[in-house]
Amino acid sequence: MSHIYTERVLIGHLLLENMTIINANAISSPLTYGFPAVTGFTGAVHALSRKVRAIEGLDEFALDGVLIACQDCQVQAYRESPFKDFTFIQTRNPILKSGKTASIVEEGRCHLKVSLLIGVYRESRFGIDDDVLAALCEKVKQLAQQQRFAGGSVTRLCQVSFIKTDDLDNSKTKLYPAFVLMDAHQDLLDITNELQTANPDATLLDALIETATLHHVPSDEHGTKWTVETVKKGRGWLVPIPVGYQGISPTFDAGDMQNSRNPEYPSQYVESLYSLGKWQFPNSIDDLSKALWYQRYDAEQDLYLVTQQSQIAD
C-alpha cells in the first residue's frame, strides 16, 4: 500500500453506478469469507488512478478513497443437504502443459453488484473545464471495465458521473438499494469493555469471536423454552473484516525475496489484522465523505492499513 496524493485537494467524487463483478475473491483473509477484502477495492482504485494519470490531458487528476455500497453478493457455494456444511464451488483451470487437470488450490468466489464512490483530487479545485470532467468520467468507465476489482471481472457498469463535494450527501438515493460498509472498531472496543466487566482478562480477540457466537439460553426453569442471545443485538449488522497487515519480518530490498509478486519493490512478510465492520443503509450515514476507505502505511509500526480516516486536505 502507498501513502499518496497528500499535496492535492479533494475536488469531488466519481460515482460508478451498478457495477456487476463476477468471480471476485470471497475469501477476504485467512479467517474470514463471504465478501471481498476492502483492499481488493482500494487496490483497484490505486491501479485505476495510475492509469488515469498516464493519459495526456488527465494527468492532473488523482483518485484515492472508495465507498463500497453492495447491492447483492452471491457466494458460489454448495451443500448437499441442509444438514451438511457448505463448500465452495471449485474449478480446475488452467490445465497443465501435459493436458491434465491441475490440482485444486482452494479458492472462494462470489458474484457482486456494487456501486463505488471514489475521491477525485487535483492540485487546485479551480479552473476545471466541464469537458475535461466529462472526459475523465468516460475514460474511467472504459478503464474500470478493463481491469480486475477484488480479483473479479467487470461485466457491467451502468454509468460514471462526477459529483461535486457539496452535492455528495444529496446523491445517497443513487446508491439504493444497497448497504455501505463502515468501520465499526468502536463497537469492538465497546463489546470488549462489556466482556471485561465479567472477565477482566478478556481481549479484543475474545470480543471479535463473541460477535460470531450465538448463545442458546433457557428462558424458563423447566428448560422447555430457549432464547438466542448475541452481543450484536441492537448494534446493527456487524461483520468481522480484515483491516490490513502487520509486518512480521524486516523489510527486504527489491529482488531479495524469492517468489515475490513484484520484485521491483521492497518486500516484507506480514499477517492479517482484524476488526469489525458494519453494513449500513445510506440514509443512516450522516456524512458520506466519512464512508470512504483509504490505504495508509505506518512505517514506525510496520502497519499496512485500510481506514476511513482521510489524511488529505479537502
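**Exercise 1. Place Asn 18 by exposure, strand and backbone angle.**

Solution.
- Step 1: Asn 18 has a relative accessible area of 23%, so it is partly exposed. This is a predicted model.
- Step 2: The class holds because partly exposed runs between under 20% (buried) and over 50% (exposed).
- Step 3: Asn 18 sits in strand 1, residues 9-25.
- Step 4: Its phi is positive, about 50°, yet Asn 18 is not a glycine.
- Step 5: Most residues other than glycine have a negative phi.

**Exercise 2. Do the same for Asp 302.**

Solution.
- Step 1: Find the element. Asp 302 belongs to the loop between strand 13 and strand 14 (303-307).
- Step 2: Read phi. The value is near 55°, positive in a residue other than glycine.
- Step 3: Assign exposure. With a relative accessible area of 21%, Asp 302 is partly exposed.

**Exercise 3. Which two residues does a cis peptide bond join, and where is the proline?**

Solution.
- Step 1: The cis bond links Tyr 176 to Pro 177.
- Step 2: Its omega is about -15°.
- Step 3: Most peptide bonds are trans.
- Step 4: Pro 177 lies in the loop between strand 7 (152-164) and strand 8 (179-183).

**Exercise 4. Which residues make the nonpolar surface patch of about 300 Å²? Then locate Phe 281.**

Solution.
- Step 1: Phe 179, Trp 237 and Phe 281 make the patch.
- Step 2: Phe 281 is in the loop that runs between strand 12 (270-280) and strand 13 (294-298).
- Step 3: Phe 281 has 35% relative accessibility, so it counts as partly exposed.
- Step 4: Patch residues need over 30% relative accessible area, and Phe 281 has 35%.

Technical notes. Residues numbered from 1 in each chain as written. Predicted model: local features only at pLDDT ≥ 70, side-chain atom pairs only at ≥ 80, totals over all residues. Heavy atoms only, no water. Patch = residues over 30% accessible without salt bridge, like charges linked within 9 Å, V, L, I, M, F, W, Y side chains within 5 Å. Areas by Shrake-Rupley, 256 points an atom, 1.4 Å probe, with all protein chains shown as cover. Salt bridge = Lys/Arg side-chain N within 4 Å of Asp/Glu carboxyl O. Helix = DSSP H or I, 4+ residues; strand = E, 2+ residues; numbered from the N terminus. Buried < 20%, exposed > 50% of the residue type's maximum accessible area, 1.4 Å probe, protein only.
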